[in-house]
Amino acid sequence: MTDTNQANSSERLATMINGYQAGALLYTAVKLDLPDRLLVPVTATDLAHELDLRVSELERFLHALAGLDICVQTAPETYVLTDTGQLLLRESDSPLREQAVLAVEQYWSSWTALSHSLVTGQTGFQHATGVDAWEYRRDHPEQGALFQDWLAKETRAIAATLAAAMLATNPQLTVTLFDLPHVIEHTRHELDLPPGQESRCHWTGGDFFSAVPGDAELYLLKSVLHDWDSEKCLEILGHCRTAMPGDARLLVIERLLSEDPVSDTLVARLDIHMMAVNGGRERRLVEYRDLLDRSGFSLHSVSNSKSGFTILEAVPS
């Protein structure tokens, strides 16, 4: 390896290793609600007094945020939010504000326990907290709400929430949203549908490991199967198949794992995230086809979307 190549490789590795620093800066900024406080130019002194912080340390912190393009210095010790920083506002449609908090409060310890997962097969999340992610969010409502808010925004960025998008574009359609009871209550509160759509949306609490509502024409699972191992996926799909009429269809919306991890680092890392947090996994097309076949479905079509998700359409076999 030449000296130049070694230097470049060292710089790339150092950037990877030090990635925690940017994450910690963004997390702290969000927890202090700094993005919303920086919508207009403000001095570090005024902001420190407002938040009961030390002026010198806060000015240094804002200087570091400016290096991440979250804010910009407009005068001595005076800062204002940038366009990038606006993605972290409370009212932003972007899920990045919630993601910055989730990364530290729910994911950080899971990822640092990856070696435990590799040895035992147990998630790092359970190793760190003593329970699985779903139990933890159920027993800690504020953390569950944080995750649901992130999930809603992440989905909304693709289709203004699937339910709302389908209701808006199909005036005769009725939709049943099915999830755990506490999740349904949170979602119902957060999803503000117009009166004409609200009357066509039914909210049903339950457990898809026990049963799924029957007699629908279309069943849709978005980012569901990747949360679970193959055994659990077969349970979910089996209950869908039992509930479905013979002429119904199933849509599975997931990101597909590529054969080449270098060309698709996003899904490869999501796969490790599933290992660390939920115990699920990202899958290749052949693996989803196998799950569908074993559950009484035939894969009918595969469509790629601009968002990076793939839509698998299956019918009862």
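**A four-stranded sheet and the helices packed on it**

Let me begin with one pair of residues, S303 and I311, the latter lying in β9, which are bridge partners. Please keep in mind throughout that what we are looking at is a predicted model.

That pair brings us to the strands themselves, β8 and β9, the latter covering residues 310–316, which run antiparallel and are joined by seven bridges. Stepping back, we find that these two belong to an open sheet of four strands, whose order is β6-β7-β9-β8 and whose pairing is mixed. At the edges of the sheet stand β6, residues 218–222, and β8, residues 297–304, and because each has a single partner strand, one side of each is left without a neighbour in the sheet. From one strand to the next, the twist averages 20°.

Now to the helices, and I will take α14 before α16. Helix α14 packs on the sheet and touches β6, β7, which spans 249–254, β8 and β9, while its direction makes about 165° with that of β6. Helix α16, for its part, lies across β7, β8 and β9, and it runs at about 150° to β8.

How do these two helices meet? Helix α14, residues 230–243, and helix α16, residues 285–294, pack at an angle of about 50°, and their axes are 9 Å apart. The two helices are therefore oblique to each other, and the crossing in which α14 passes α16 is right-handed. On the α14 side the contact is made by S230, C233, L234 and L237, and on the α16 side by L291, L292 and R294. Sorted by class, the residues in this contact of α14 with α16 are five nonpolar, one polar and one charged.

I would like to finish with two details of the backbone. In the loop between β6 and α14 we come to S223, whose phi is near 55°, a positive value in a residue other than glycine. Is S223 buried or exposed? With a relative accessible area of 14%, against a cut-off of under 20%, S223 counts as buried.

The other detail is D33, which sits in the loop between α2, residues 19–31, and α3, residues 34–37. Here phi is near 60°, again a positive value in a residue that is not glycine, and D33 is likewise buried, its relative accessible area being 14%.

Terms used
Residues numbered from 1 in each chain as written. Predicted model: local features only at pLDDT ≥ 70, side-chain atom pairs only at ≥ 80, totals over all residues. Heavy atoms only, no water. Axes fitted to C-alpha atoms, helices over the stretch in contact; angles between N-to-C directions. Parallel < 35°, antiparallel > 145°, perpendicular 65-115°, else oblique. Left-handed = near helix turned anticlockwise from the far one by under 90°. Contact = heavy atoms within 4.5 Å. Nonpolar A, V, L, I, M, F, W, Y, C, P; charged D, E, K, R; others polar. Pairing = 2+ DSSP bridges. Buried < 20%, exposed > 50% of the residue type's maximum accessible area, 1.4 Å probe, protein only.
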